[in-house]
Each structure stands twice: as structure tokens, then as C-alpha cells.
Amino acid sequence: MYTLPNKLKVFALVFMVLGAVGIVAGFLSAPKTTEDVAAMMAEAHHGEGHESAQPGHGSAHAEHAMDHHDMSAHEGAEMHAGAHAEAANDHGAHTEADPHQEHLEHVMHQMQNRPWSALYIASFFFFMIALGALAFYAIQYAAQAGWSPILFRVMEGVTGYLPVASVVVFVLLLASAFHLNHIFHWMDPELVNPESAHYDKIIAGKSGYLNVPFFLIRALVFLLGWNAYRWLSRKNSIADDHAQDQSFFKKNFKLSAGFLVFFIVTESIMSWDWIMSFDPHWFSTLFGWYVFAGMMVCAITVIALVTIYLKSQGYLEEVNDSHIHDLAKFMFAFSIFWTYLWFSQFMLIWYADIPEEVTYFVTRIEQYKLPFFGMIAMNFVFPLLLLMNSDYKRVNWFVVMAGIVILAGHYLDVFNMVMPATVGESWTIGVPEIGSLMFFFGLFVYVVFTTITKAPLVPKNNPFIKESKHFHY
Amino acid sequence: MASKVIHALYNDDDILMNAVKTVRAEHYHIEEVYTPFPVHGLDKAMGLEGTRIAITSFMYGVLGLTVAVLMMNFIMIEDWPQDIGGKPSFSYLENMPAFVPIMFEMTVFFAAHLMVITFYMRSKLWPFKKAENPDPRTTDDHFLMAIDAGHGDVDAMMKVLEATGAVELNIVEQEQAH
């Protein structure tokens, strides 16, 4: 049995407290009025210099126009060609308000969104680690894998964060649904009201699917389904330790196969709902796979890191280099898979250059250059070069180093998926982002290692446990 | 000069693996093991050096990537500039995403084919080469371990081999080829 070391508990709590301070500071420092925004921008302009601030001003207008006016494909094409001019025309044609005032208001909304987005990204990031680990665990059962049963309790530990994460994510979705924030732009009822000046034909056309009650029902069903599998499989896995026969293993085998079918459908829909709908005009048919790939890389990386950590503390003596090697192979393979999907999505959109699709990448490349390209280096080039060599996959500190970069890279990936639509160009990685990340990291570490203490570290009666202990490559 | 070799035949890969370990522990020299299918971990048990084909594979991949880059640059940009997907920039870098699939395929193509050719050359294999395996049963269901019996007590060796579970033991005089 593993007992939670006090040091680790303090470590997690320190992260949670510091993170909570960061989150609160982020919310408090968000502007409340347009005057605040003007003051903040004056300060920023002062710091950045006139040249860098000016072009940003222009494209914010473009963003604004895109958000609040019906954008048909035709308009979009022109928008792509001359965003600035188009934006100026739109403002002239549709609004009589002072454009400067309107811009300030727009920036204020972005800045008010920022702490919420930061919170959402960090909570989703750790949520997807737990969910990915659950899918990986189910695959091991369904495939009757012989190498991995020795790692089952580690995987169960990582998935132990799922119930907590589910509550957090659902509360955040509820907060959006009750208009405490505006990170989900499409939830604004004005957009689907034909009488309104802000009526959006495209979003209104999707409202049969993309409406708040159905959105919440889907979220609830998915979360309950995943948590039900997690609860049942964990219960069976522990009961299996004292069983006389293989009935619990067989139960888990069937359960896992069923769960995987449920999972791959619901995961896809979840990724449209919780991520893709941030850009409600945009769509990509392989988005579900893309999120899935990122999820799996992170989950397997975390399983490897937790295993290496436990081993370094003198637990899991029977885990050998071959187990780490296999996990590192998965990290490598899923990193390549992620890149493959990332590029498939990018290249088709880049090649076709259809305005309604390409805006997604135009915004990211124009306003998020560093995180956008930085993340490709971190998620592809780095693991490719570091984990390609077979021997390096057996060197623990190599795996740890690659793992940390991969996790940071995939945080940036989620950041790039969410931030451009909610915060636009008013982004930085500052107190709210790092605070949220620290808070959920602390919570994750605390919950995961507490779950690991609750059961023996090696399952006893699993039919493959002997093979797993003797696994060698 | 002729040399003596013991051919020990086995009919199970697990027994063979244990036999290889025992024979190595006795410090007898295993010349070669013939198996009908690849036996996992046999190379390590025999103490063979790790393969370097992975390194050549990497180099061939880099070569393929370079060829693809130069080729696409010549074909699509220099020799006959082409308008790619309505993006007539005539710059390699700006049209690069369109070339990535070719870069990838050429990398794989070069790595795979040159690796196979390297493997054949390194193992001295070529078309119409006469098979070297000493017993045709090793292509069906038997495993054969050839142990150098030139120096040492042959009777003692035979006893050890018998204890490892060999189904058949032959002492063969063979022409020294290498």
C-alpha cells in the first residue's frame, strides 16, 4: 500500500493556494468599465510603443465585425482580403456609436473573458488527462494487454481525478449557460433572435443543436456515462483482488468494450460542444480525433510520469524499463498521430482557402504566432527527436523531460483552441493563466495520489499480472 | 581445415531460449541458431551486438527528406513555377504545406527501401543464393543451435546439451568457411 507522503500533500496544497490566489487576482484585475480598459490600454501602449499597438487596434475591429454581424461566405471572402477596410465599412453602415467607445467595450469583454477562459482551459486540460487515461485503461482491458496490468492502479489513480474534474467542468459550463461569462459566444440569446440587430443567421441555423438546454443535457449524459464506467471498473478491479475466479475480470472486459464505443462517439461530440463551439461559425470534421489525440498523449505521459515518480520512491519494484519503454513508445506514437491530425486539419483548410474555414488559422497565425508555432515545436519536433531512439525511451529522465515538454505543449494547444475565440488579441500568459494551471495541477496531484493510496499498488488476481511482471523487451 | 560442430535440435522456442542461456553460461561458443520464425529476445540471449540498422534508417530518412525538398523546389518553383491552390507566390516556404505529404512519403520510401537493401547486403543475401541452413527442418518446426566443438570436451558438451532438452544431437564435420 502506498501512503501519501506529507511532502507531496504540502506540495499540492501550496500549488492550490498559490493558484487560487492567482485566479482571484485574475478576476479582480479584470476591467469593470470601459474607463478601466482605456487606462489599461494607455499603460500597455506606453510599454509596447506606438507601432506595435496600432495594427492590433485595426484587427480588433475586424474581429468585432466578425462577431456581431451576419457573416456570409461572400462577406467573409472580402473580410479575408481586406479585413481593415471591411471592418471600417461595417462600423459606418451598421452602428452610429462612437467607434472608439465600441472598440473599448469590445476589448473590455475580451478582458473580462480572460480569467474565465484561463480557468476553463486549465480545468479542461486536467479533465482531458483523466478522461484520456480512462480510455487508455479501457483499451488495455478490451485488448487483454499482457504488459500493462501492473500499471492498472496507476491508471486508476489518474482516472480518480475524473469525478472531481467533471464537477469542475460542469460548473464552468453552467456558469457560461447562466451568462456569468461570455466565453461561449453562441449562448447569447440576441444572436438567434431575428428581431435583434445582432441576429446571426449561421448560429441561428445551428440552434437546433447548439442551444443551451440541449448542450447541458449532452454534457450531463456524457459526464455521467464516463463516470459510471470509471466507478464500476474501479469497483470490479478492487473486488478482483479477493475473487476466487475471473468473473470480475470478465465483467470489466465487457464493460470496457462497451465503454470504448460510448466514449469515441461522446468524446467527439464533447469536443465539438466544449471546444469547437467557441468558434461557432467554424467547423472541422476531424476535430474530435484531433482533441482525442492530444488527450491520449497527455494521459499516457502523465501515466508514465506518475509511474516513474512512484518507482523513484521505491514503489512498484516490478515495473521495469520495458514498461517505461512501452509507455514512451505510446507517447512518441501519439505525438506523431497528433501532428498528423493537426497537419491534416491545417493543410486542407490552408489549401482550399475557403474564407469561413480559413479565418480560424488566420486569427491564430496573425495573433497567436508564438504559441501556435511554439506548440508544434513542443508537440512534434521535440518528442520526435528526443524519443525516436529506442534506448532513450528506457532512460527515465529522458522520458520525464520529454513528458514535461509534451504536457506544456498540449496545454498551449488547448490554449490556442480556446483563447482566440474568447479573448482574441487581448491574450497573454500571465497571472490568471498560470494561477489556474497551478490550482488545477495541485488539485490533480492531490486527488490522483490520494486515489492511489486507496488500493494495493499491484492488482493481485488479474489473469495477466504474471505476464506483466515478467514483461521484457 | 575442417572443424567439429554440434547441431542440437529443439522443437520449442522456450526450451531453445533456456538452452541458449545454459550453453552460454557454460562458456561454449554458439556459432549460429536457425529458427523457423523470429524468436523474441534470442539476439539478447545469444549476446549478439545490437543492430545498427536504425541509424542507417534515420540517415536514409534524412536523405529522402532532402531529395524531396530539392525535387519539389526544382519542379514546382524553379523549373516550371506553378500556381498552387491559387497561391502563386512562387516561394518554396510559402507553398511548403502542399509539399509536406511528398516530403513525408519520400522520407518513408527512402528509409524503407534503402534499409531493405542494406539488410540484404549486410546479411550477404542476394537472388538465387543457395540456402545456408544446415537442416531443412529449421524451416518447418525445428530449432537448430550450432555449437563449436573444436576445442573442449565433446562428451561433456553433449551431456549439457542433452540436459537442456535437445530432441536430437549430431556432431558434424564442416569445412571452415569463415
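## Strands, helices and loops in a predicted two-chain model

In chain B of this predicted model, strand S2 (residues 30-34) pairs with strand S3 in the antiparallel sense, over four bridges. Within that pairing, B:Glu32 stands opposite B:Ala146 of S3(B). Is S3(B) enclosed or open? Five of the six residues of S3(B), which covers residues 143-148, are buried, so the rest of the structure largely encloses this strand. In a regular strand, side chains alternate between the two faces of the sheet.

**Confidence**

How far does the predictor trust each chain? Chain A averages a pLDDT of 87, and 89% of its residues score at least 70. One stretch of chain A stands out: over residues 47-95 the pLDDT is below 50. That stretch still has 55 contacts in the model beyond near neighbours in sequence. Where pLDDT is low, the predicted coordinates should not be read in detail. Chain B has a mean pLDDT of 88, with 97% of its residues reaching 70 or more. For the complex, the predictor gives an ipTM of 0.78 and a pTM of 0.84.

**Chain A: helices**

Chain A has 18 helices and zero strands. Of its 473 residues, 45% are buried. Now take the contacts in chain A with a separation of 6 or more. Residues 24 or more positions apart account for 83% of them.

Three helices of chain A can be set side by side.

| Helix | Number of residues | End-to-end C-alpha distance | Expected at 1.5 Å a residue |
|---|---|---|---|
| H11(A) | 28 residues | 37 Å | 40 Å |
| H12(A) | 26 residues | 38 Å | 38 Å |
| H17(A) | 23 residues | 33 Å | 33 Å |

Start with H11(A), residues 247-274. Its end C-alpha atoms are 37 Å apart, which agrees with the expected 40 Å. H11(A) is bent: the angle is about 25° at A:Phe263. A:Phe263 is also one of the buried residues of H11(A). Others among them are A:Phe248, A:Phe249, A:Asn252, A:Ser256 and A:Phe259. Further along, the buried residues include A:Thr266, A:Met270 and A:Trp274. An α-helix has 3.6 residues a turn, so residues three or four places apart point the same way. What covers the buried residues of H11(A)? The cover includes helix H6 (99-142), helix H10 (212-240) and helix H12 (287-312) of chain A.

H12(A) is itself well covered. Of its 26 residues, 21 are buried, so the rest of the structure largely encloses H12(A). After H12(A) comes A:Gly314, with a positive phi near 95°.

H17(A) runs over residues 431-453. Here 18 of the 23 residues are buried, so H17(A) too is largely enclosed by the rest of the structure.

**Positive phi without glycine**

Which residue in the loop between H13 and H14 of chain A deserves a look? The residue is A:Asp353, and the helices on either side are H13 (321-352) and H14 (355-367). A:Asp353 has a positive phi of about 55°, although it is not a glycine. It has 15 C-beta neighbours inside 10 Å, so A:Asp353 counts as partly exposed.

Chain B has such a case in B:Phe90. B:Phe90 is not a glycine, yet its phi is positive, about 55°. B:Phe90 lies in the loop between helix H3 (53-79) and helix H4 (96-122) of chain B. With 14 C-beta neighbours inside 10 Å, B:Phe90 counts as partly exposed.

**Chain B: two domains**

Chain B is divided into domain 1 (2-36 + 141-175) and domain 2 (53-122). Their centres, taken over C-alpha atoms, are 48 Å apart.

B:Met115 sits in helix H4 of chain B. Which residues does B:Met115 touch, leaving out those up to four places away in sequence? B:Met115 touches B:Ile53, B:Thr56, B:Ser57 and B:Tyr60. B:Met115 and B:Ile53 are 62 residues apart in sequence, but 7.0 Å apart in space, C-alpha to C-alpha. B:Met115 has 17 other C-beta atoms within 10 Å, so it is partly exposed.

B:Pro38 lies in the loop between S2 and helix H2 (42-46) of chain B. Is B:Pro38 buried or exposed? B:Pro38 has 8 other C-beta atoms within 10 Å, so it is exposed. From B:Pro38 to B:Ser3 the separation is 35 residues in sequence and 28 Å in space, C-alpha to C-alpha.

Terms used
Residues numbered from 1 in each chain as written. Chains lettered and ligands numbered in written order. Predicted model: local features only at pLDDT ≥ 70, side-chain atom pairs only at ≥ 80, totals over all residues. Domains from an automatic or database assignment. pLDDT = per-residue confidence, 0-100. Contact = placed C-beta atoms within 7 Å. Buried ≥ 20, exposed ≤ 12 C-beta atoms within 10 Å, placed from the backbone. Pairing = 2+ DSSP bridges. Expected span 1.5 Å × (residues − 1). Bend = angle between axes of the 7 residues up to and from the residue.
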